[in-house]
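Subject: The structure we talked about, and what I found in it

Dear colleague,

I am passing on the structure below, together with my notes on it. Please keep it open beside this email as you read.

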Amino acid sequence: MKKERQAAILKIIATIDVETQNQLIAELTKLGYYSTQATISRDVKDLHLVKELTALGSYRYVTRGKPDILNHAARLRTIFRESVTSYAFAQNIVVIKTLPGLAPAACSAIDTMGIKSIVGTIAGDDTGFLAMHDMDAAERFCSEIEEMLR
């Protein structure tokens, strides 16, 4: 429930300017989340929310810092960029070479990307194998890897 509520908080502050915790509680209630001010206060702290001055002179909550539950995918993408040393495809298999010990992290990053053409990943110590639906998907994914590594 906590993760869902915190995800809802992030969606709310991304779409509207929320100035107070009471306003945040009201917006959460509209979405079916019933919380106390103390709970919201803890969520604000957990999510590293801060108030930022708007152009209209009021304040609004925004995200700052790196809350673990929210930046997991972003951190994995960074690990992917920093760990991959080479990649190639053969038929419908993409082979990714990484620095020693980082293939599991690179494959985990790929798994979180939600790429529909990937059937599955297998990671060794410094090599990851990705089974793709077909050869065209493997070739397209190698192009995506090239973009990610830039």
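What follows goes from the whole chain to its cores, then to one helix, two loop residues and the charged pairs.

Please bear in mind throughout that this is a predicted model.

**The chain as a whole**

The chain has 6 helices and 6 strands, and if you follow them from the N terminus you will meet them in the order α-α-α-β-β-α-β-β-α-β-β-α. The C-alpha trace spans about 55 × 30 × 25 Å along its principal axes, and the radius of gyration of the chain is 20 Å, where a compact globule of 150 residues would have one near 15 Å. Of the 150 residues, 35% count as buried, and the accessible surface of the chain comes to about 9,000 Å², with 54% of it belonging to carbon and sulfur atoms. Among the contacts with a separation of 6 or more, 48% are made by residues 24 or more positions apart.

**Two nonpolar cores**

In soluble globular proteins, nonpolar side chains tend to be buried together. In this chain the largest nonpolar core has 18 residues, and those with the most contacts inside it are F80, V94, I96, L130, M132 and F141. The elements giving two or more residues to this core are β4, α5, β6 and α6 (135–148), and α6 gives the most, with 6 residues. A second, separate core has 15 residues, including L10, I12, I25 and L47.

V94 is a good residue to click on if you want to look around the largest core, in which it is one of those with the most contacts. Leaving out residues up to four places away in sequence, V94 touches A88, F89, G128, F129, L130, M132, A138, F141, C142 and I145.

**A helix with a buried face**

Where do the buried residues of α3 lie around its axis? The buried residues in helix α3 (residues 37–46) are T39, I40, D43 and V44. Seen down the axis of α3, they fall within an arc of 140°, so they line one face of the helix. The cover over these buried residues includes α1 (2–15), α2, β1 and β2. After α3 comes H48, which has a positive phi, near 60°.

**Two buried loop residues**

T54 is placed in the loop between β1 (49–53) and β2 (59–63), and at 12% relative accessibility it counts as buried. Not counting residues up to four places away in sequence, T54 touches D17, Y59 and R60. T54 and E19 are 35 residues apart in sequence, and their C-alpha atoms are 10.0 Å apart in space.

S117, in the loop between α5 (103–112) and β5, is likewise buried, with a relative accessible area of 18%. Beyond its neighbours within four places in sequence, S117 is in contact with A131, M132, H133 and A137.

**Charged pairs**

Side chains of opposite charge can pair when their charged atoms come close. The count for this model comes to 6 salt bridges, and I describe some of them here.

E27 and K30 meet through their side chains in a salt bridge, at 3.2 Å from N to O. These two residues are 3 apart in helix α2 (residues 21–30), which separates them by about one helical turn. An α-helix has 3.6 residues a turn, so residues three or four places apart point the same way. Are the two partners buried or exposed? E27 counts as buried, at 18% relative accessibility, whereas K30 counts as exposed, at 64%.

K97 and D126 also meet in a salt bridge, at 3.8 Å from N to O. This pair links distant parts of the chain, with K97 in strand β4 (residues 93–98) and D126 in the loop between β5 (118–123) and β6 (127–132), 29 residues apart. K97 is partly exposed, with a relative accessible area of 31%, and D126 counts as partly exposed at 27%.

Salt bridges that share partners join D17, E52 and R60 into one network. Within it, the closest N and O atoms of E52 and R60 are 2.7 Å apart. E52 is partly exposed, with a relative accessible area of 24%, and R60 counts as partly exposed at 25%. D17 and R60 have come up before, as residues that T54 touches.

With best wishes

Notes. Residues are numbered from 1 along each chain as its sequence is written. This is a predicted model: local features need pLDDT of at least 70, side-chain atom pairs count only at pLDDT 80 or more; totals for chains, interfaces and linings use all residues. Side-chain values use heavy atoms; hydrogens and water are left out. A salt bridge is a side-chain nitrogen of Lys or Arg within 4 Å of a carboxyl oxygen of Asp or Glu. Helices (H or I, at least four residues) and strands (E, at least two) are DSSP runs, numbered from the N terminus. Buried means under 20% relative accessible area, exposed over 50%, partly exposed in between (1.4 Å probe, protein chains only). Contact means heavy atoms within 4.5 Å. The arc is that of the directions from the helix axis to the C-beta atoms. A nonpolar core is a set of buried Ala, Val, Leu, Ile, Met, Phe, Trp, Tyr and Cys residues joined through side-chain atoms within 4.5 Å. The radius of gyration is taken over C-alpha atoms; the globule rule is 2.2 Å times the number of residues to the power 0.38. Accessible areas come from the Shrake-Rupley method with a 1.4 Å probe; for residues, only the protein chains shown count as cover.
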